[in-house]
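Here are my notes on this one, set out as numbered points. Have the structure open while you read.

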Amino acid sequence: MRAHLAHLASLGVDALWLSPVHPSPNVDWGYDVADYREVHSDYGTLADYDALVAEARGHGIELWLDLVPNHTSDKHAWFSERPEYYVWSDDVPNDWKSVFTGGSAWEYDDDRKRYYLHQFAPGQPDLNWWNPDVRDEFDDILRFWFDRGVRGVRIDVAHGLIKDRELRDGVRYMRDRPEVHEIFERWQTVAREYEPKPTLMGETYVELPKLAAYEQHLDLVQNFPFLNADFEVDELLPIVETVERSFRAPLWFGSNHDHSRLATRWAGGDERKARAALFLLLTLRGTTVLYQGDELALTDDAVSASRVLDLAEPPRDPERTPLPWTASGEERHEPWLPLSDTSRNVESQRADPASTLAFVRDLIARRKQFAAEPYRTLRSAKGVWAYARGATTCVVNMTPDTAVHEGRTLAPWETLIL
Ligand code: NOJ
């Protein structure tokens, strides 16, 4: 990672969010943490981590970690030594379902002769956020990493941390409880001990009308309704306008390690269409999170059944294949997932001024010029999305046909900054 920081800096990246780096049995690839204050030996040591932070900072890049506070691994010492940190019941108390198994979210523990809650896999027992000791532990974990130079956290399952105290039936009692915001306020108090204050970004899987409440307490909220919308102006524009009416600091993204990459899901592999999507992400008002490979219009890769590592159904491996640095693949030794298509790779695109990588680099530089300017939808022909960012006009042809904007002809999916 340190060897590639200069490349990220040349792109204009401000911050690097890593998915979990902690020791983990990898039932859910790091999202089952066995020790929050260590680095997984596959990645190195705490000293390696410190060196990464220092070197990244030298390139002007901040490091953000993934905080996984909803659950631990069942191999975390707390699960055997501090059972009161988890959610237990003598019987299966309700109809809550596990995201991964689809069956009951309650698992019988033979030793304790009781059931514990797991929103995800049985190896990921949910923590009990009603227990003040759990809250104290996470204050300490945050300070541990903020002291080591972490400048932001992405909060896994932010909307699901706290459950209904009475464990009532219905998914609405399992997630998106009003008390969750108290936890975020407490973390903001911890974050405010540091200068600059680290950023709290939530993985907030809620409907758009509910998302604004999360933005009251978090700095950034991930907008899944936008990611899940079809790539059509009639779907995306109303979301943007709603966000513009009620959000302080919008956040835009179109891919992550849980969702098919935007170049596949939105663009069906068409590089022109992927660029139109990247253009929106990078010119709308707010923060943009790119998933590794978006900047190359990288598509999902084929992963044969024998190489599947993920426990989810369908597996998320196709969007988790490694970033192709070269066409030859000489940098790959034993990649954790196979990489069959290297046609879109960093080396070739760095050498090509007409590449998607160059397009993204230019947009990142350009967006800084109007970052503080408000968004305003402009009148345009059907299928064309035009908006002002102050004195700058952004135009996207959201169709596979030629279109016209103010006398200019736009090729399919063409974008313009005027
Ligand atoms: C969301 C993470 O992004 C995903 O990869 C993980 O499986 C679940 N949370 C459970 O931690």
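1. A definition to start with: a residue is called buried if its relative accessible area is under 20%, worked out with a 1.4 Å probe on protein chains only. Phenylalanine 138 comes out at 0% relative accessibility, so it counts as buried. Keep in mind that this is a predicted model.

2. Phenylalanine 138 has a ring partner in tryptophan 129: the two form a tilted aromatic pair, with 5.2 Å between centres and 45 degrees between the planes. Tryptophan 129 is at 1% relative accessibility and therefore buried too. Both belong to a cluster linked by ring pairs, whose other members are Tyr36, Trp78, Tyr85, Phe184, Trp187 and Tyr214.

3. How many aromatic pairs are there in total? The count comes to 27. Another one to look at is tryptophan 88 with tyrosine 116, an edge-to-face pair at 5.8 Å centre to centre and 70 degrees between the planes. Tryptophan 88 sits in strand 3 (residues 88-89) and tyrosine 116 in strand 5 (residues 114-117), so this pair ties together parts that are 28 residues apart in sequence. Buried or exposed? Tryptophan 88 and tyrosine 116 are both buried.

4. Now the sheet. It is open and built from five strands in the order 1-2-6-7-8, with parallel pairing. At the edges are strand 1 (15-17) and strand 8 (220-221), each of which pairs on one side only. Helix 4 (residues 132-147) packs on this sheet and touches strand 2 and strand 6; the direction of helix 4 makes about 155 degrees with that of strand 2.

5. Staying with those two strands: strand 2 (residues 62-67) and strand 6 (residues 152-155) run parallel and are joined by four bridges. If you want a residue to click on, leucine 67 stands opposite isoleucine 155 in strand 6.

6. Which residues of helix 6 (residues 208-215) are buried? They are Leu208, Leu211, Ala212, Tyr214 and Glu215. These residues cover an arc of only 155 degrees around the axis, which means they lie on the same side of helix 6. Their cover includes helix 5 (180-191), strand 8, helix 7 (224-228) and helix 8 (233-246). Tyr214 is also in the ring cluster from point 2.

7. Last, two charge-over-ring contacts for you. The charged end of arginine 265 sits over the ring of tryptophan 266, 5.2 Å from the ring's centre. Arginine 275 has its charged end over the ring of phenylalanine 359, at 5.5 Å from the centre.

Technical notes
Residues numbered from 1 in each chain as written. Predicted model: local features only at pLDDT ≥ 70, side-chain atom pairs only at ≥ 80, totals over all residues. Heavy atoms only, no water. Pairing = 2+ DSSP bridges. Contact = heavy atoms within 4.5 Å. Axes fitted to C-alpha atoms, helices over the stretch in contact; angles between N-to-C directions. Phe/Tyr/Trp six-rings, centres within 6.5 Å; stacked < 30°, edge-to-face > 60°. Buried < 20%, exposed > 50% of the residue type's maximum accessible area, 1.4 Å probe, protein only. Lys NZ or Arg CZ within 6 Å of the ring centre and 35° of its normal. Arc of directions from axis to C-beta.
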